[in-house]
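Subject: The structure I promised you

Hi,

Here is the structure I said I would pass on. Have a look at it first, and then read on for my notes.

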Amino acid sequence: MAKIEKILVVDDDPTHNLICENVLLESGISQEVICILNTEDAINYLTRLNLGEFPEYIFLDIMFPTNTGWHFLESYKKTFPSRKTDTRIFIITSSISKSDWTRAKEEPLVQGFISKPFTRDKIPHVFG
C-alpha cells in the first residue's frame with residue numbers, strides 16, 4: 001500500500017484526533033496527519049494551501065457545537081469546485097442516526113462512513 005502524504009482530521013474531540021493521528025502514523029499509512037477542531041478553521045486551512053499541498057484524505061466528523069460536517073461539505077463544494085474528486089472524504093462519527101448514514105451515502109463527495117473510534121482494524125475499509 002502506498003503511503004499517503006497528508007490526511008486532514010476535522011473533529012472537535014481532541015482525544016479522538018490524537019487516536020486517529022496515532023493509528024495513522026504508527027501504521028505507516030500517512031506521513032502527516034493534520035488535526036483541526038472545527039469546520040471553519042478546516043476550510044480556512046485548506047484555502048491557504050497550494051494545489052499540491054491538499055490532503056489526499058479528509059476524515060470529517062458530523063457533529064460540532066456550531067457548523068456541522070454537512071456545512072463543511074457545502075462550503076468545500078463552493079470554495080473548491082475543482083477539488084471535488086481529488087480528495088477522498090470519509091465521515092467519521094459516533095452518530096448512530098440512520099439519517100446520517102443515508103445522507104452520507106447520498107453525498108457524492110463522501111467516500112464512506114466510519115464509526116468512532118478509529119482503530120487499526122478500520123484501515124482496510126478506508127485504504128483497502
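Let me start with a cut-off: a disulfide here is a pair of cysteine sulfur atoms within 2.5 Å. By that rule, this structure has zero disulfides. Please keep in mind throughout that this is a predicted model.

**The cysteines**

Why does Cys20 form no disulfide? The closest cysteine sulfur to that of Cys20 belongs to Cys35, and at 6.9 Å it is too far away for a bond. Seen from the other end, Cys35 is in no disulfide either, since its nearest cysteine sulfur is that of Cys20, 6.9 Å away. As a reminder of what is missing, a disulfide is a covalent bond between the sulfur atoms of two cysteines. The surroundings of these two residues are worth a look as well. Cys20 has a relative accessibility of 0%, so it counts as buried. Cys35, with a relative accessible area of 30%, is partly exposed.

**The sheet and its helices**

Next, the sheet. It is open, has five strands in the order 2-1-3-4-5, and its pairing is parallel. Strand 2 (30-36) and strand 5 (110-115) sit at the edges, each pairing on one side only. From one strand to the next, the twist averages 20°. In general, strands of a sheet pair through backbone hydrogen bonds, either parallel or antiparallel.

Strand 1 (residues 4-10) pairs with strand 3 (residues 57-60) in the parallel sense, over four bridges. Within that pairing, Val10 is opposite Leu60 of strand 3, and Val9 is opposite Phe59 of strand 3. Strand 3 also pairs with strand 4, again in the parallel sense and over four bridges.

Two helices to pick out here are helix 1 and helix 2. Helix 1 (residues 14-26) lies across strand 1, strand 2, strand 3 and strand 4 (88-93), and runs at about 175° to strand 2. Helix 2 (residues 39-47) packs on the sheet too, where it touches strand 1, strand 2 and strand 3, and its direction makes about 150° with that of strand 1.

**Phe59 and strand 3**

If you want one residue to click on, try Phe59, which is in strand 3. Is Phe59 buried or exposed? Its relative accessible area is 0%, so Phe59 is buried. Its bridge partner in strand 4 is Phe90. Leaving aside residues up to four places away in sequence, Phe59 touches Leu8, Val9, Val10, Leu24, Phe90, Ile92, Phe118, Val126 and Phe127. One of those contacts reaches back along the chain: Leu24 is 35 residues from Phe59 in sequence, while their C-alpha atoms are 11 Å apart in space.

Strand 3 is covered on both faces: Tyr57 and Phe59 on one side, Ile58 and Leu60 on the other, are all buried. That fits a general pattern, as side chains in a regular strand alternate between the two faces of the sheet.

**Aromatic rings**

How many aromatic pairs does the structure hold? There are nine. In one of them, the rings of Trp101 and Phe113 have centres 4.0 Å apart and planes at 35°, which makes the pair tilted. This pair links distant parts of the chain, with Trp101 in helix 4 (residues 98-106) and Phe113 in strand 5, 12 residues apart. Trp101 counts as partly exposed, at 31% relative accessibility, whereas Phe113 counts as buried, at 10%. Ring pairs also join Tyr57, Phe59, Phe90, Phe118 and Phe127 into a cluster.

**Two loop residues**

Finally, a couple of loops. Glu107 is in the loop between helix 4 and strand 5, and with a relative accessible area of 11% it is buried. Its side chain makes a polar contact with the side chain of Lys77, at 3.1 Å. Apart from residues up to four places away in sequence, Glu107 touches Leu73, Glu74 and Lys77.

Ser27 is in the loop between helix 1 and strand 2. A polar atom of the Ser27 side chain lies 3.1 Å from the backbone oxygen of Leu24. Not counting residues up to four places away in sequence, Ser27 touches Asn22, Arg120 and Ile123.

Over to you!

How values were computed. Residues are numbered from 1 along each chain as its sequence is written. This is a predicted model: local features need pLDDT of at least 70, side-chain atom pairs count only at pLDDT 80 or more; totals for chains, interfaces and linings use all residues. Side-chain values use heavy atoms; hydrogens and water are left out. Two strands pair if DSSP finds at least two bridges between them. Axes are lines fitted to C-alpha atoms, for helices over the stretch in contact, and angles run from 0 to 180 degrees between N-to-C directions. Contact means heavy atoms within 4.5 Å. Buried means under 20% relative accessible area, exposed over 50%, partly exposed in between (1.4 Å probe, protein chains only). Rings of Phe, Tyr and Trp (its six-membered ring) pair if their centres lie within 6.5 Å; planes under 30 degrees apart count as stacked, over 60 as edge-to-face and the rest as tilted. A polar contact is a pair of N or O atoms within 3.5 Å; within protein, one must be able to donate a hydrogen and the other to accept it, and residues adjacent in sequence count only if both atoms are side-chain atoms.
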